[in-house]
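Biologist: I would like a close look at one part of this protein. Please take the pockets and whatever surrounds them.

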Amino acid sequence: MLADIQETFDSLGKKYGKLLQHLNPLSDDVLYFKAQADKWSIVEVIEHLVMAEENMLAQLTDVTSAQTLDPQDRSAKNYHIVIKVMTKDIPVDVPDESMEPHGQISLAELLVRWDDIRKKTRAYISRIDSEKAGDLVYRHPFAGPLDMAETLRFIDVHFDNHMRHIDRIIAAGR
């Protein structure tokens with residue numbers, strides 16, 4: 001595994017651990033609290049994060065999908081817009097309807113799925129060498145095709161964005 005990819009993945013693991021510690025003391029009332037009917041609960045935010053990483057892993061491990069990623073479709077501008085929007089907490093609609101949470105899955109089940117995704121992602125990225133580091137592996141609906149480092153950077157910033165989202169839900173529920 002290359003150093004920058006390893007570092008980002010390890011950072012995500014630490015953030016995931018902090019999230020679990022953050023969630024442990026919360027009651028179901030807080031975990032499932034919705035400020036408004038059209039807003040997400042904490043569990044729905046977690047579901048969205050799990051869905052996003054499941055989608056990432058599915059694309060990473062689908063050889064046919066990777067072969068259809070066209071370098072001509074890359075857009076550094078769009079990638080930086082996505083990163084900036086999430087960093088600045090600018091509200092946007094989910095760019096792909098399939099990433100909308102349904103609120104029908106328990107937190108315990110979501111955490112089991114998330115652990116599985118992380119194990120499989122670690123196994124995948126452990127096989128990346130310097131020759132393949134720049135290969136396109138994932139397509140974001142707005143940013144376009146990304147290599148592994150960009151993909152993990154997106155997942156990292158996406159995670160941070162939703163951690164702040166979770167903090168706002170907790171504050172609103174008090």
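Which element gives the most to the lining of the second largest pocket, and with how many residues?

Modeller: Keep in mind that this is a predicted model. The answer is H4, with three residues. This helix runs over 63-67. H4 does not stand alone there: H3 and S1 each supply at least two residues of the lining as well. In total, 13 residues line the second largest pocket. Nearest its centre lie Leu60, Tyr124, Lys132, Asp135 and Val137. By class, the lining divides into seven nonpolar, two polar and four charged residues. The volume of this pocket is about 270 Å³.

Now the largest pocket. Its space comes to about 1,000 Å³. The lining counts 38 residues, and the closest to the centre are Trp40, Val92, Asp93, Val94 and His162. Four elements give two or more residues each: helix H3 (42-61), helix H5 (76-87), strand S1 (136-140) and helix H7 (148-173). H7 holds the largest share, eight residues. The class split is 20 nonpolar, nine polar and nine charged.

H3 and S1 appear in the lining of the second largest pocket. H3 and S1 also appear in the lining of the largest pocket.

Next, how H3 sits against H7. The two helices pack at an angle of about 170 degrees, and their axes are 9 Å apart. An angle over 145 degrees counts as roughly antiparallel, so H3 and H7 are roughly antiparallel to each other. On the H3 side, the contact uses Ile42, Val45, Ile46, His48, Leu49, Ala52, Glu53, Met56 and Leu60. On the H7 side, the residues are Met148, Thr151, Ile155, His158, Phe159, His162, His165, Ile166, Ile169 and Ile170. By class, this contact has 13 nonpolar, five polar and one charged residues.

Two of these contact residues bring us back to the pockets. Leu60, in the H3 part of the contact, is among the residues nearest the centre of the second largest pocket. His162, in the H7 part, is among the closest to the centre of the largest pocket.

One more residue of H7 deserves a look: aspartate 167. Its relative accessibility is 37%, so aspartate 167 counts as partly exposed. Tyrosine 79 is 88 residues from aspartate 167 along the chain, and their C-alpha atoms are separated by 26 Å.

Conventions: Residues are numbered from 1 along each chain as its sequence is written. This is a predicted model: local features need pLDDT of at least 70, side-chain atom pairs count only at pLDDT 80 or more; totals for chains, interfaces and linings use all residues. Side-chain values use heavy atoms; hydrogens and water are left out. On a 1 Å grid over the protein atoms alone, a cavity is a set of points where a 1.4 Å probe fits but cannot get out, and a pocket is an open set with protein on both sides within 12 Å along at least five of seven lines; lining residues have an atom within 4 Å of a point. Grid points are joined across faces, edges and corners, and a volume is the space filled by probe spheres set on the points. Ala, Val, Leu, Ile, Met, Phe, Trp, Tyr, Cys and Pro count as nonpolar, Asp, Glu, Lys and Arg as charged, and the others, Gly among them, as polar. Axes are lines fitted to C-alpha atoms, for helices over the stretch in contact, and angles run from 0 to 180 degrees between N-to-C directions. Angles under 35 degrees count as roughly parallel, over 145 as roughly antiparallel, 65 to 115 as roughly perpendicular and the rest as oblique. Contact means heavy atoms within 4.5 Å. Buried means under 20% relative accessible area, exposed over 50%, partly exposed in between (1.4 Å probe, protein chains only).
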